[in-house]
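Reader: I am new to reading protein models, and I would like to look slowly at one part of this one. Please explain each term as you go.

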Amino acid sequence: MHGFNDETKELGEAILKYAADRLALDPVPLDSPRTVAELDAVASGAISPEGLGGAAALDLFENQLALACLSIDHPRYLSFIPCAPTREAAMFDLVVGASSIYGGSWLEGAGAVYAENQALRWIADLVGLPATAGGSFVQGGTIGNLSALVAARAAARARNASRPFRVAATVGSHSSISSACDVMDAELVQVPVDEDMRLTGAALRKVLQDEGPESFFAVVATCGTTNFGIIDDLQSVADVCEEFGIWFHVDGAYGGAGLAAPSVREKYAGIERCNSFIVDPHKWLFAPFDCCALLYREPALARAAHTQHASYLDVLTDAPDWNPSDYSIGLTRRARGLPFWFSLVVNGTAAYTEAIEHTLEVTRFAESEVEARDYLEVVRHADLSVLVFRRLGWSPEQYHAWSDKLLADQEAFVVPTSHDGETLARFAIVNPNTTVDDIRAILDTMA
Ligand SMILES: *Cc1c(COP(=O)(O)O)cnc(C)c1O
């Protein structure tokens with residue numbers, strides 16, 4: 001089965017055609033989940049000693065399984081944080097798969113690592129990090145945050161004999177911060193947010209002083225919280241981190257992309273002072289799953305924490321090369337930054353700025369439209385491209401029934417969220433193909 005013959009060639013052409021046809025759909029079908037029993041009925045015997053053969057296997061995926069997967073790039077998919085890859089990035093993912101590249105080390109993947117580092121540099125420049133900054137692309141924000149916090153703790157413990165074990169963040173920080181603390185057996189201390197739901201230096205200073213600043217190894221600020229898109233007061237948080245000598249990590253998994261948008265750039269003031277930063281290009285930077293850019297101000301601190309040592313790795317670790325695996329949890333690595341890099345090279349960075357600004361404009365339209373309708377109410381002004389709003393008079397069941405019906409009708413995928421125990425409606429707009437007409441049509445269904 002490792003050979004290449006006419007049958008393999010034919011299958012290759014069919015797969016490429018399927019991929020090209022999928023990318024040509026406009027709009028893509030939204031599709032919907034199916035139950036295990038429904039999928040069993042069509043796919044249970046798929047793996048067999050004899051094999052199904054290429055045509056039947058592709059047919060099974062195309063006509064059954066793919067239809068049971070939501071198209072996260074649908075313009076009316078506004079739940080969670082969607083993903084809207086450029087065609088160039090999505091197509092290049094096929095190339096990465098076909099190329100058998102090991103992305104963990106320079107020795108094995110120099111060309112790919114070089115390209116990924118170019119893409120990381122573009123992001124580092126947006127943040128304002130020095131030329132010496134660097135990192136790697138990891139699976140997602142969860143691994144990115146965990147890797148950064150592991151580096152932060154190792155750096156703190158290398159600096160002094162005490163064993164700091166705490167991380168400070170807010171309730172708005174992503175669930176992955178809490179899960180990283182669990183994995184690390186660290187304690188997450190919640191800093192109360194201000195009246196605008198942001199982390200501020202003043203509240204942080206009080207918590208650090210009350211709990212003992214020497215017990216903390218990191219502070220996590222968020223630029224673009226997942227639920228509301230809130231950007232913390234990074235400048236005052238940076239001041240306090242500097243005052244106490246604590247690692248300042250900024251989680252921009254969703255909102256970091258806004259750094260490329262001049263209309264909101266000033267809201268990120270102070271971000272350039274971070275010790276580490278993440279952004280998921282698979283969220284608002286139009287890369288396919290899964291892709292998180294992880295950056296460190298001082299990469300040597302991350303290397304000290306993450307480099308794996310073993311006799312069979314000496315040939316890699318003894319060289320002065322840039323090995324992406326040295327900057328995160330994990331050793332074997334797909335060159336997952338390449339699709340993002342390719343799209344940046346093809347389209348140019350100005351196209352990214354334009355696309356992000358467009359989603360911000362559509363969000364501003366949504367906010368004004370919500371304000372204009374007497375049955376709706378904005379819960380908090382949108383800092384970025386997430387809008388949380390209320391349908392006056394609706395019970396939680398009504399929100400859920402409305403959302404279920406939208407999907408059942410293949411109209412849209414908009415799941416409710418909650419805040420302070422209240423069920424609410426939420427749009428996350430990261431797809432440049434989402435139009436003001438889409439927004440109007442969805443809001444009409446709530447009348
Ligand atoms: C999505 C998100 C994460 C987690 O990223 P994954 O790629 O889903 O692992 C972390 N932080 C924030 C703010 C996010 O929005």
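Leaving aside its neighbours within four places in sequence, which residues is T225 in contact with?

Author: Before answering, I should say that this is a predicted model, in which local features need pLDDT of at least 70 and side-chain atom pairs count only at pLDDT 80 or more, while totals for chains, interfaces and linings use all residues. Residues are numbered from 1 along each chain as its sequence is written, and side-chain values use heavy atoms, with hydrogens and water left out.

Once its neighbours within four places in sequence are set aside, T225 is in contact with G172, I230 and Y254, where contact means heavy atoms within 4.5 Å. T225 sits in the loop between β4 (216-222) and α9 (234-244); helices (H or I, at least four residues) and strands (E, at least two) are DSSP runs, numbered from the N terminus. T225 counts as buried because its relative accessibility is 6%, and buried means under 20% relative accessible area, exposed over 50%, and partly exposed in between, with a 1.4 Å probe and protein chains only.

Y254 leads us on to K283, since Y254 is among the contacts of K283 as well, together with I81, P82, C83, A84, A253 and V430, again leaving aside neighbours within four places in sequence. K283 is found in helix α10 (residues 281-284), and K283 counts as buried because its relative accessibility is 13%. The unreviewed UniProt entry annotates K283 as "modified residue: N6-(pyridoxal phosphate)lysine"; UniProt positions are given in the numbering used here, feature names are shortened, and annotations may be inferred rather than shown by experiment.

K283 also belongs to the surroundings of the ligand, for 15 residues surround the ligand, and the closest are G141, T142, D251, D280 and K283; a residue is near a molecule or strand if one of its heavy atoms lies within 4 Å of it. Some of these residues can be followed down to single atom pairs, bearing in mind that a polar contact is a pair of N or O atoms within 3.5 Å, and that within protein one must be able to donate a hydrogen and the other to accept it, with residues adjacent in sequence counting only if both atoms are side-chain atoms. For G141, a backbone N or O atom lies 2.8 Å from an oxygen atom of the ligand. For D251, a polar side-chain atom lies 2.6 Å from a nitrogen atom of the ligand, whereas a polar side-chain atom of K283 lies 3.0 Å from an oxygen atom of the ligand.

Of the 380 Å² of accessible area that the ligand has on its own, the protein covers 86%; accessible areas come from the Shrake-Rupley method with a 1.4 Å probe, and for residues only the protein chains shown count as cover. Two elements, α6 and α10, give two or more residues to the shell around the ligand, and α6 gives the most, with 3 residues.

Helix α6 (141-159) has a further role as cover, because the buried residues of α11 are covered by elements including α6, β1 (134-138) and β7 (292-296). In helix α11 (residues 299-306), the buried residues are P299, A302 and H306. They lie on the same side of α11, because they cover an arc of only 60° around the axis, the arc being that of the directions from the helix axis to the C-beta atoms.
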